[in-house]
Amino acid sequence: LKTAMRDHPALVEKILGKAVKPTSGKFAAMAGALAQTGVFLYVPKGLEVKSPLHSLLWGPGANLAYISHLLVYLDEGSSATYVHESSSPNEPGTQTLHAGNVEIIVGANAHLTFVEMQSWGESVWNFTHERVLVEKDATLNWVFGSVGSHLTKNFSEIDLVGTGAV
């Protein structure tokens, strides 16, 4: 994410804050303001990524805060499968916070399969805001699995913003 913000600011600006607004809640505002860890995935117009892409947010350690931001932008007519994991070991007797935003835009006639797996350790308090904007004639398949954490509060939304969006 830091590299994308430095090397491709115009692309980042196309999506940053467009799906998850800071006004969505206090954890969305915190993640939007403080996240320096994260992923930026851009698939250019018409490109078909045939092999699945994978990222891992690994959060070891006790009494810490992890703030993340995941940005995915599939341009018109592109396609990809993206697998994202958030995980940590168990750290008994401690407390850790994760606050994160996930913003995805699936452009016109694009196709995204997004697989998200969360297996935080038992001491992690997890708060995420996730929102996908699906444009005209685009498709989204979203698979979400959550098997860990002390507490998870996940605000997930899919907006079919274009005619024919699925």
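Which residues form one aromatic cluster? I looked this up before anything else, in what is a predicted model. The cluster consists of Tyr 82, Phe 114 and Trp 142.

**Entry: aromatic pairs**

I listed the aromatic pairs and found 4 in the structure. I took Tyr 42 and Tyr 73 from that list; they are stacked, at 5.6 Å centre to centre and 25° between the planes. I then checked where they sit: Tyr 42 belongs to strand 1 (residues 37-43) and Tyr 73 to strand 3 (residues 65-74), so the pair links distant parts of the chain, 31 residues apart. For burial I noted that Tyr 42 is partly exposed, its relative accessible area being 26%. Tyr 73 has a relative accessible area of 11% and is buried.

I went on to Tyr 82 and Phe 114. Their ring centres are 5.8 Å apart and their planes stand at 25°, so I entered this pair as stacked. Phe 114 is in strand 6 (residues 111-119) and Tyr 82 in strand 4 (residues 79-87), so the pair ties together parts 32 residues apart in sequence. I found both Tyr 82 and Phe 114 buried.

**Entry: the open sheet**

In what order do the strands of the open sheet stand? I read the order as 2-4-6-8, with 4 strands and parallel pairing. Strand 2 (53-58) and strand 8 (139-146) are the edge strands; each has a single partner strand, so one side of each lacks a neighbour in the sheet. I noted an average twist of 10° from one strand to the next.

I looked closer at strand 4 and strand 6, which pair in the parallel sense over 9 bridges. For one bridge I wrote down the residues: Ser 86 has Gln 118, in strand 6, as its partner.

**Entry: helix 3**

Which residues of helix 3 (residues 26-34) are buried? I recorded Phe 27, Ala 28 and Ala 31. They lie on the same side of helix 3, because the arc they cover around the axis is only 105°. This fits the general rule that an α-helix has 3.6 residues a turn, so residues three or four places apart point the same way.

I then turned to the other side of helix 3, where Lys 26, Ala 33 and Leu 34 are exposed. Last, I checked what the buried residues of helix 3 pack against, and found strand 3, strand 5 (96-106) and strand 7 (124-134).

Methods:
Residues numbered from 1 in each chain as written. Predicted model: local features only at pLDDT ≥ 70, side-chain atom pairs only at ≥ 80, totals over all residues. Heavy atoms only, no water. Phe/Tyr/Trp six-rings, centres within 6.5 Å; stacked < 30°, edge-to-face > 60°. Helix = DSSP H or I, 4+ residues; strand = E, 2+ residues; numbered from the N terminus. Buried < 20%, exposed > 50% of the residue type's maximum accessible area, 1.4 Å probe, protein only. Pairing = 2+ DSSP bridges. Axes fitted to C-alpha atoms, helices over the stretch in contact; angles between N-to-C directions. Arc of directions from axis to C-beta. Contact = heavy atoms within 4.5 Å.
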